[in-house]
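Here's a quick briefing to read with the model open on your screen. Keep in mind that we're looking at a predicted model.

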Amino acid sequence: MHTVLSPCAELEMGAKEIVQRCVEEEIDIIAIADHNATTNSKAVIDAAKDKPLIVLPALEVQSREDVHTLCVFSTFEEALLFQKWVWERLAPIKNDPELFGFQIVIDGENNILKEVETLLLQGVDASADDVIGEVKRRGGMAILAHVDRPAYSYLAILGMIPSNLAIDAVEFSARLTSREAISWKESVSNYTVIKSSDAHRLSDIKKAHTTPVILEHPAFDEILLALHKSGGRKVLWPWS
């Protein structure tokens, strides 16, 4: 899901509000994936301390071809190093808040720390394969985002997903019906399918927009095992 750092997200997407909404919905684990950025994942991690919620740091990276990939890491420090790699490949285009929206960095108490001046809603100077390869090289989790969408998806832009692509899963949009999801599954080979909220506003955060996963405990390594159907962990079909 996104925070106020993503210019397309609502200003209600503060750290404390996201955590409270997740607790109310009885959601156990989330990934904060702003566009080409992970800075605010630290704020949500801090806001979730002493709460029954695990927060994973992530980025939703837009490639040169405009393919979105979810890049998830086990620690904020690892995600921040990957953000540095991403930002080195961003063009120096200044954000226009009136046109695109604000890009606000906050802390766990929702205090505003700064605004990111470089536009985050743009493709980085790297291909989708480059992004996936770099994530896996750093020990992260790579998931093709919303492949059912007509824009910013691997299928829409690059066509068929290769059977040997180094990804951990593919994501379908929560808006799909059960019948639509089953139909789309034929397009993603044997990759594990997850459903995510891709939340841009608090009302998007719902238990129905999540993926049930069988784990020993909610953690990055456990989810990675589940995505690859290993060690008795597994991902259940989200539309059952």
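M160 sits in the loop between α6 (154-158) and β7. With a relative accessible area of 70%, M160 counts as exposed, because the cut-off for that label is over 50%. From there, the briefing moves to the sheet, then to E222, and ends with the pocket.

**Around M160**

- Setting aside residues up to four places away in sequence, M160 touches Y154 and L155.
- S187 is 27 residues away from M160 along the chain, yet the C-alpha atoms of the two are separated by 7.1 Å.

**The sheet as a whole**

- What order do the six strands take in the open sheet? Reading across, you get β1-β2-β3-β6-β7-β8, and the pairing is mixed.
- β1 (29-35) and β8 (193-196) stand at the edges with a single partner strand each, so one side of each has no neighbour in the sheet.
- From one strand to the next, the twist averages 35°.
- Helix α3 (residues 76-87) lies across β2 (54-62) and β3. The angle between α3 and β2 is about 10°.

**Strand β6 and its partners**

- Strand β6 covers residues 141-144, and its side chains split two ways: M141 and I143 point one way, while A142 and L144 point the other way.
- Are these β6 residues buried or exposed? All of them, M141, A142, I143 and L144, are buried.
- β6 pairs with strand β3 (residues 68-72) in the antiparallel sense, over four bridges. In that pairing, L70 stands opposite I143.
- β6 also pairs with strand β7 (residues 169-173), this time in the parallel sense and over two bridges.
- Looking along that parallel pairing, I143 has A169 of β7 as its bridge partner, and L144 has V170 of β7.
- I143 therefore turns up in both pairings, opposite L70 of β3 and bridged to A169 of β7.

**E222 in helix α8**

- E222 belongs to helix α8, which spans residues 220-227.
- Why does E222 get the label buried? Its relative accessible area is 6%, and buried means under 20%, so E222 qualifies.
- The side chain of E222 has a polar contact of 2.8 Å with the side chain of R233.
- The E222 side chain also reaches the backbone nitrogen of E216, at 2.8 Å.
- Leaving out neighbours within four places in sequence, the residues in contact with E222 are L215, E216, H217 and R233. Two of the names on that list, E216 and R233, are the polar partners just mentioned.

**The largest pocket**

- The largest pocket has a volume of about 840 Å³.
- Which residues lie nearest its centre? Out of the 36 residues in the lining of the largest pocket, they are I29, I30, K195, T210 and T211.
- The elements giving two or more residues to the lining are β1, β2, β3, β6, β8 and α8.
- β1 supplies the largest share of that lining, with four residues.
- Some familiar elements come back here: edge strands β1 and β8 are both on the lining list, and so is α8, the helix that holds E222.

Notes. Residues are numbered from 1 along each chain as its sequence is written. This is a predicted model: local features need pLDDT of at least 70, side-chain atom pairs count only at pLDDT 80 or more; totals for chains, interfaces and linings use all residues. Side-chain values use heavy atoms; hydrogens and water are left out. Buried means under 20% relative accessible area, exposed over 50%, partly exposed in between (1.4 Å probe, protein chains only). Two strands pair if DSSP finds at least two bridges between them. Contact means heavy atoms within 4.5 Å. Axes are lines fitted to C-alpha atoms, for helices over the stretch in contact, and angles run from 0 to 180 degrees between N-to-C directions. A polar contact is a pair of N or O atoms within 3.5 Å; within protein, one must be able to donate a hydrogen and the other to accept it, and residues adjacent in sequence count only if both atoms are side-chain atoms. On a 1 Å grid over the protein atoms alone, a cavity is a set of points where a 1.4 Å probe fits but cannot get out, and a pocket is an open set with protein on both sides within 12 Å along at least five of seven lines; lining residues have an atom within 4 Å of a point. Grid points are joined across faces, edges and corners, and a volume is the space filled by probe spheres set on the points.
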